[in-house]
Each structure stands twice: as structure tokens, then as C-alpha cells.
Amino acid sequence: MSLKNIDQFSFGYQLLFAVTKVFHCIFYKKITIRNRELIPENTPVIFLANHQNALMDALAILFGVNKPIVFMARADMFKKPAIASLLYFLKIMPIFRPRDGADNMGQNDAIFRRSVDVLRNRRAMAMFPEGAFNPYKNLQPLKKGFARMAFMSEASADFTLNLHVVPVGIDYSDKKNRNAELMVQFGKPIPLLPLKEIYKENPTQAYKLLSEQVREALLPLMINIEATEYYDTYMQYFDFHVPIDLSMEEKPDTHYNRFVLQQQYAEALNKLAVEDPESMTKLQKELSDFPCWPKPLSLLRLLRSVLSLLWSICKLPFYPPLLAPQWVLPKIKDKQFVASIKFAVWMFASFVYYPLLILIIVLLW
């Protein structure tokens with residue numbers, strides 16, 4: 001597969017899609033998808049999401065939507081022909097950034113034209129409008145690339161495509177490890193048609209207005225920690241108060257309920273950090289000094305621990321693929337790819353190990 005036919009049907013891609021979805025469901029303890037019914041049908045769509053977790057964010061959107069999507073990724077990943085062919089097979093297109101050099105930025109025109117073709121064929125696309133990976137739970141300034149591509153697509157069809165951009169919020173209970181919880185929330189679609197006249201008169205103003213609309217639509221779908229210098233304080237505050245408040249309000253301990261409380265806490269702490277930084281610093285010290293007392297040992301907890309240990313021993317033959325990523329992770333310099341590498345290595349190791357295990361069992365039977 002190449003850039004020319006990136007949006008065409010591929011049996012190999014569909015097979016990989018189905019297999020990877022199974023592993024993705026196993027990788028996470030629980031996956032929550034909210035508001036998928038808001039996604040427009042029979043019309044071109046660009047999904048725009050926050051970006052915390054490299055490849056895992058793309059998989060979250062892909063399986064949240066549950067159909068093939070053409071993604072945009074930074075162009076430096078396409079330098080080697082073999083890697084480029086693989087990325088095209090996975091329906092990923094390059095996007096050049098200023099840091100890639102002024103000469104290369106001109107290549108974006110061809111990429112945008114191909115993106116227009118994809119959308120005119122009523123295929124879905126996805127982008128991360130922040131333009132780069134964000135290690136924090138907050139929303140960075142949005143780049144204008146997505147707005148330019150969206151308006152180019154509509155303008156090429158004289159605004160008859162009915163193109164919508166759909167905000168997507170992605171949240172992880174733990175973005176680095178297995179058995180975490182993942183939540184994907186879709187926001188209300190934003191049509192481009194109302195901005196038609198503004199675009200014709202002043203494209204730059206239209207880009208700005210669309211970016212502002214997308215930002216306002218994304219913020220309710222994610223946790224926005226603005227004072228990143230106190231990031232650990234926010235997380236400690238969440239860990240301490242969420243279980244208490246859920247218990248007091250008699251609400252079930254679900255990802256969404258925890259998310260709502262964390263959003264409320266983040267807004268309050270954002271305000272505190274701006275209006276009363278001394279109190280924020282005091283809170284930081286109190287939380288860092290707060291002792292983490294172990295839970296009292298009860299007969300029930302002891303029994304559960306014993307049963308868990310026995311169950312773990314029974315599962316020992318199945319552990320090697322789970323341990324395989326630990327041999328690779330020390331060589332990874334870019335920590336944003338930790339979860340992605342864990343997932344990819346575990347999936348590959350499973351394909352190799354489990355058939356061998358089954359073969360050995362059959363031969364020894």
C-alpha cells in the first residue's frame with residue numbers, strides 16, 4: 001500500500017484490525033466508550049483528540065470509532081522506506097512540521113491534497129491538533145494544520161461535503177501499564193459550513209475560529225491541569241480525595257465518575273494556583289508530607305492475597321509474553337512510547353509463544 005491508495009480496502013489491514021482489537025481489549029482492564037452515537041454517518045469526518053500516549057491514543061480512537069481511519073503522523077517517522085511502507089499499510093500519512101525544515105514544509109501541499117481526496121471519498125481521518133505528544137493531562141495550544149486541511153477539503157467541493165470535525169477526549173487511569181482503564185469520549189460534531197463566508201473573506205480568521213471552537217469542545221472531554229509545576233500535587237490530591245468523595249456521595253467507582261471529580265478538582269486547583277499561589281504551595285507540602293498508611297490486614301484481605309498468589313502460580317506458563325516488554329524497555333529513550341512498546345512487544349511475543357506452547361502440549365499429551 002502507498003500514499004495513492006491509502007484509503008482503499010485492504011484485506012490484510014482488516015485482518016490486522018480485528019486481531020489488534022482483541023489484544024487491545026485484553027491489554028486494558030476496562031474500556032469505556034461514551035457518546036459514539038454523536039458521530040455523523042454517511043459524511044466525511046475528521047476526529048481531533050488530545051495526545052498523551054503515542055500509538056495507544058491512535059488505537060483508542062480507531063477502536064472507539066470501530067472502523068478504518070486514516071491518521072496523520074510526524075514526517076520524520078517516514079524516513080526509512082520500509083518503515084514508510086508499513087505506516088502507509090496502517091493508513092498513516094506524514095505531516096511535516098517547521099522543525100523538519102522549511103524545504104520539507106512545501107511537501108505538505110501534496111499531503112493536504114491527498115487528504116482532501118480521502119475526505120471527498122467520505123473516509124474518516126484523525127489528527128492530534130496539539131501537534132505533539134503532551135506528557136501532562138492538559139490541552140496545549142492547537143496548531144492550524146487541521147483547520148487548513150478541513151477548509152481545503154470543503155472549499156474543493158464548494159462546501160458541499162458537509163464535513164464535520166469531531167472532538168475526542170482520551171483519558172487513562174494509568175497510561176504506562178497494562179490492566180489500566182481507558183475512556184474515550186466523543187463530543188458534539190462541529191460543521192464547517194457555518195464558517196463558509198468567513199473562510200472566503202479571510203481564511204486565517206476562519207482557521208482561528210475553528211481552532212477556538214475545537215478547543216472549547218475538547219476541554220469538557222478531558223482533565224485540564226494548567227499549573228503543570230504542581231502536576232504531582234494535582235495527582236496526589238486526586239488519589240486522596242476521589243475515593244472519599246465517591247464513598248460519601250454513594251457513587252460507583254467507575255472511570256467516568258472518577259473523571260468528573262478529577263475535572264472539578266482540576267478547575268478548583270487551577271484557580272487556586274493563579275489566585276493564591278501561597279496556599280497552593282502549602283497544599284503541595286501537606287500532600288508530599290502526608291503519610292501513606294498501609295491498609296489494615298483483615299482475614300478477608302489475607303484470603304484474597306493467598307488466592308491471588310495461587311492463581312498467579314497457575315498462570316506461570318502464560319507469563320513470558322507479558323514479561324517480554326521488560327527486555328526491550330531499557331533500550332527505549334523516548335518515554336512517551338513506553339505503553340506503545342509494551343503493547344506491540346506483548347502482542348508479537350504472544351503470536352510466537354502461545355502457538356509453540358500449544359504445540360508442546362499437544363506433543364506431550
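These are legends for four close-up views of a predicted model.

**View A. The largest nonpolar core and its best-connected members.** This core counts 75 residues, and the ones touching the most other members are Phe47, Ile61, Ile69, Phe151, Leu210 and Val214. If you want to know where the largest share comes from, look at helix 2 (residues 54–65), which puts in 8 residues. A second core sits apart from this one; it has 20 residues, including Ile225, Ala227, Tyr234 and Phe238.

**View B. Zooming in on Ile69.** Ile69 is one of the core residues that touch the most other members. Skip the neighbours within four places in sequence, and Ile69 is still in contact with Tyr13, Phe47, Ile61, Leu62, Lys91, Ala124, Met125 and Ala126. Two of these partners, Phe47 and Ile61, are named with Ile69 among the residues touching the most other core members.

**View C. Cysteines without a bridge.** Don't go hunting for disulfides here: the structure holds 0. As for two cysteines you may want to look up, Cys25 is partly exposed at 44% relative accessibility, while Cys314 is exposed at 52%.

**View D. A nonpolar patch on the surface.** Leu299, Leu302, Leu303, Val306, Leu307, Leu309, Leu310, Ile313 and Leu316 make up this patch, and together they offer about 890 Å² of accessible area. Zoom in on Leu310 and you are in helix 12, which spans residues 299–314. Leu310 has a relative accessible area of 47%, so it counts as partly exposed, the exposed class being reserved for values over 50%.

Methods
Residues numbered from 1 in each chain as written. Predicted model: local features only at pLDDT ≥ 70, side-chain atom pairs only at ≥ 80, totals over all residues. Heavy atoms only, no water. Core = buried A, V, L, I, M, F, W, Y, C linked by side-chain atoms within 4.5 Å. Buried < 20%, exposed > 50% of the residue type's maximum accessible area, 1.4 Å probe, protein only. Helix = DSSP H or I, 4+ residues; strand = E, 2+ residues; numbered from the N terminus. Contact = heavy atoms within 4.5 Å. Disulfide = S-S within 2.5 Å. Patch = residues over 30% accessible without salt bridge, like charges linked within 9 Å, V, L, I, M, F, W, Y side chains within 5 Å. Areas by Shrake-Rupley, 256 points an atom, 1.4 Å probe, with all protein chains shown as cover. Salt bridge = Lys/Arg side-chain N within 4 Å of Asp/Glu carboxyl O.
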